[in-house]
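Work through the exercises below with the sequence and coordinates open. Each task is followed by a stepwise solution.

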Amino acid sequence: KLYDNLVISWLNTRLTMRTMLPWPHRALCPVSGKCVSALHPLRAMRLLLSENTTPRELALAGALGVFLGTLPLIGIHTFVILVAAGFLRLNRIAAITASQLTIPPFVPAFAIEVGHFMRFGKFLTEFSLKTIGSEGLDRLWEWFLGSLLIGPVLGVTTGLITYVTAYLLQ
């Protein structure tokens, strides 16, 4: 047990340092040696299409990833997306990759603004320790409300763009 704890601690330390210090490292790739990368989306889409995935399935996975990425599932986005994509038999890699389009602060801030407008009929214009800290539960509720409106819109948009691109690449 001590050895296992040491190995896990060393792995965690290496991975944490790798994210903090940009030194060269070996990429995590499938056995084929080809990697899915956000830096090369067309190459990634071709690779995913070559693995028995249709443009429709990629589009649905992308839409699911973006929709779930907009929800305030703090700390469990990846888990929820993996479970939902697995349940719906969609490409998990495509769903998780698409969810990265909803990275903070842009989409959550937009969802909070939309949610605040839905609640009060005006936009949130003050950003202070009070509005973010002591009114945090209100912002979380507004994030949820706003994500229910913008999540499907962003998901459908992502799905359509993914479908058209994948169809043209196929």
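**Exercise 1. List the buried residues of H2 and state which elements cover them.**

Solution. The model is a predicted one.
Step 1. A residue counts as buried under 20% relative accessible area. In H2, Ala44, Met45, Leu47, Leu48 and Leu49 meet this condition.
Step 2. The cover over these buried residues includes H3, H5 and helix H8 (136-169).

**Exercise 2. Describe the overall make-up of the protein: its elements, its burial and its surface.**

Solution.
Step 1. Count the elements: there are 8 helices and 0 strands. Read from the N terminus, the order is α-α-α-α-α-α-α-α.
Step 2. Take the burial: 31% of the 170 residues are buried.
Step 3. Take the surface: the accessible area is about 11800 Å², and carbon and sulfur atoms make up 69% of that area.
Step 4. Take the contacts with a separation of 6 or more: 64% of them join residues 24 or more positions apart.

**Exercise 3. Locate the largest nonpolar core and say which elements build it.**

Solution.
Step 1. The largest nonpolar core has 15 residues, and Leu58, Leu64 and Leu68 touch the most other members.
Step 2. Two or more residues each come from helix H2 (41-49), helix H3 (55-70), helix H4 (77-87) and helix H5 (92-99). H3 gives the largest share, 4 residues.
Step 3. Follow one member outward. Leaving aside neighbours within four places in sequence, Leu64 is in contact with Ala84, Ala85, Leu88 and Leu90.
Step 4. Another core lies apart from this one; it has 7 residues, including Ala111, Ile112, Leu124 and Ile150.
Step 5. As background, nonpolar side chains in soluble globular proteins tend to be buried together.

**Exercise 4. Characterise the packing of H4 against H5 by axis geometry and by residues.**

Solution.
Step 1. The two axes, those of H4 and H5, come within 9 Å and cross at roughly 145 degrees. The crossing of H4 and H5 is right-handed.
Step 2. On the H4 side the contact uses Thr78, Ile81, Leu82, Ala85 and Gly86, and on the H5 side Arg92, Ala95, Ile96 and Ser99.
Step 3. Sorted by type, the residues of this contact are 5 nonpolar, 3 polar and 1 charged.

**Exercise 5. Trace the C-alpha distances from Pro104 to Gly69 and from Gly69 to Ser147, and classify each residue as buried or exposed.**

Solution.
Step 1. Pro104 sits in the loop between H5 and helix H6 (106-120). Its relative accessibility is 61%, and the threshold for exposed is over 50%, so Pro104 counts as exposed.
Step 2. From Pro104 to Gly69 the sequence separation is 35 residues, while the C-alpha atoms are 9.9 Å apart.
Step 3. Gly69 belongs to helix H3. With a relative accessible area of 9%, Gly69 is buried. Not counting residues up to four places away in sequence, Gly69 touches His77, Ser99 and Thr102.
Step 4. From Gly69 to Ser147 the sequence separation is 78 residues and the C-alpha distance is 9.1 Å.
Step 5. Ser147 belongs to helix H8. Its relative accessible area is 0%, so Ser147 is buried. Not counting residues up to four places away in sequence, Ser147 touches Phe67, Thr70, Leu71, Pro72, Ala111 and Pro152.
Step 6. In summary, Pro104 is exposed, whereas Gly69 is buried and Ser147 is buried.

How values were computed:
Residues numbered from 1 in each chain as written. Predicted model: local features only at pLDDT ≥ 70, side-chain atom pairs only at ≥ 80, totals over all residues. Heavy atoms only, no water. Buried < 20%, exposed > 50% of the residue type's maximum accessible area, 1.4 Å probe, protein only. Contact = heavy atoms within 4.5 Å. Areas by Shrake-Rupley, 256 points an atom, 1.4 Å probe, with all protein chains shown as cover. Core = buried A, V, L, I, M, F, W, Y, C linked by side-chain atoms within 4.5 Å. Axes fitted to C-alpha atoms, helices over the stretch in contact; angles between N-to-C directions. Left-handed = near helix turned anticlockwise from the far one by under 90°. Nonpolar A, V, L, I, M, F, W, Y, C, P; charged D, E, K, R; others polar.
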